[in-house]
Amino acid sequence: MTYNQMASLRSKTEQYQALPAKVSQQVLRGLDKNWSSFFAAASEFKSHPDKFLGKPKIPGYKEQKKGRNLLVYTIQALQSRS
């Protein structure tokens with residue numbers, strides 16, 4: 001799935017709406033980047049396995065309750081209270 005496909009499917013979910021929209025978008029962009037990198041590495045591994053220490057693994061997911069993940073807060077997602 002591309003970023004746009006994920007965004008259209010997930011934009012109505014509770015988890016997506018729990019964060020500021022800009023932050024949720026950055027999470028999906030990171031996910032898209034991780035999968036794109038995996039597919040590129042897997043393709044390169046097929047043609048040149050000597051460049052790698054091992055076969056590329058699919059991106060992992062954290063446990064929902066204990067897991068930690070990186071959130072990117074852009075300057076537009078922040079607001080000051082005066």
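Visitor: Does K51 count as buried, partly exposed or exposed?
Guide: This is a predicted model, and the class follows from computed relative accessibility. Exposed means over 50%. K51 reaches 58% relative accessibility, so K51 counts as exposed.

Visitor: Which side chain does K51 meet in a salt bridge?
Guide: Side chains of opposite charge can pair when their charged atoms come close. Here the N to O distance is 2.8 Å. A search of the whole structure finds one salt bridge. The partner of K51 is E44.

Visitor: Is E44 buried, partly exposed or exposed?
Guide: Buried means under 20% relative accessible area, and exposed means over 50%. E44 has a relative accessible area of 26%. That value lies in between, so E44 is partly exposed.

Visitor: What pattern does the chain follow along the sequence?
Guide: The chain has three helices and zero strands. Read in sequence order, the pattern is α-α-α.

Visitor: Which element has the highest mean pLDDT?
Guide: The chain averages a pLDDT of 83, and 89% of the residues score at least 70. Among the elements, α1 has the lowest mean, 82. The highest mean, 89, belongs to α3.

Visitor: Which helix gives the largest share of the largest nonpolar core?
Guide: In soluble globular proteins, nonpolar side chains tend to be buried together. The largest nonpolar core here has five residues: Y3, M6, A7, Y16 and L28. Three residues of this core come from one helix, spanning residues 3-10. That helix is α1.

Visitor: Which residues does Y3 touch, leaving out those up to four places away in sequence?
Guide: Y3 belongs to the largest nonpolar core. One of its contacts, L28, is also a member of that core. The full list is Q25, L28, R29 and D32.

Visitor: Is S24 buried or exposed?
Guide: S24 sits in helix α3. S24 touches Y16 and L19, not counting residues up to four places away in sequence. Its relative accessible area is 3%, and the limit for buried is under 20%, so S24 is buried.

Visitor: How many Å separate the C-alpha atoms of A41 and F52?
Guide: A41 lies in helix α3. A41 touches F52 and P56, not counting residues up to four places away in sequence. A41 and F52 are 11 residues apart along the chain, and their C-alpha separation is 9.1 Å.

Visitor: How far apart are the C-alpha atoms of G60 and N34?
Guide: G60 lies in the segment after α3. G60 is exposed, with a relative accessible area of 68%. G60 and N34 are 26 residues apart along the chain, yet their C-alpha atoms are separated by 9.6 Å.

Visitor: What share of the contacts with a separation of 6 or more comes from residues 24 or more positions apart?
Guide: The pool takes contacts in the chain with a separation of 6 or more. Within that pool, residues 24 or more positions apart account for 51%.

Visitor: Which residues make the nonpolar surface patch of about 480 Å²?
Guide: The chain exposes about 7300 Å², and carbon and sulfur atoms supply 53% of it. Of the 82 residues, 15% count as buried. One member of the patch, L78, lies in the segment after α3. The patch is made by V27, L71, Y73, I75 and L78.

Key:
Residues numbered from 1 in each chain as written. Predicted model: local features only at pLDDT ≥ 70, side-chain atom pairs only at ≥ 80, totals over all residues. Heavy atoms only, no water. Patch = residues over 30% accessible without salt bridge, like charges linked within 9 Å, V, L, I, M, F, W, Y side chains within 5 Å. Areas by Shrake-Rupley, 256 points an atom, 1.4 Å probe, with all protein chains shown as cover. Salt bridge = Lys/Arg side-chain N within 4 Å of Asp/Glu carboxyl O. Helix = DSSP H or I, 4+ residues; strand = E, 2+ residues; numbered from the N terminus. Buried < 20%, exposed > 50% of the residue type's maximum accessible area, 1.4 Å probe, protein only. Contact = heavy atoms within 4.5 Å. Core = buried A, V, L, I, M, F, W, Y, C linked by side-chain atoms within 4.5 Å. pLDDT = per-residue confidence, 0-100.
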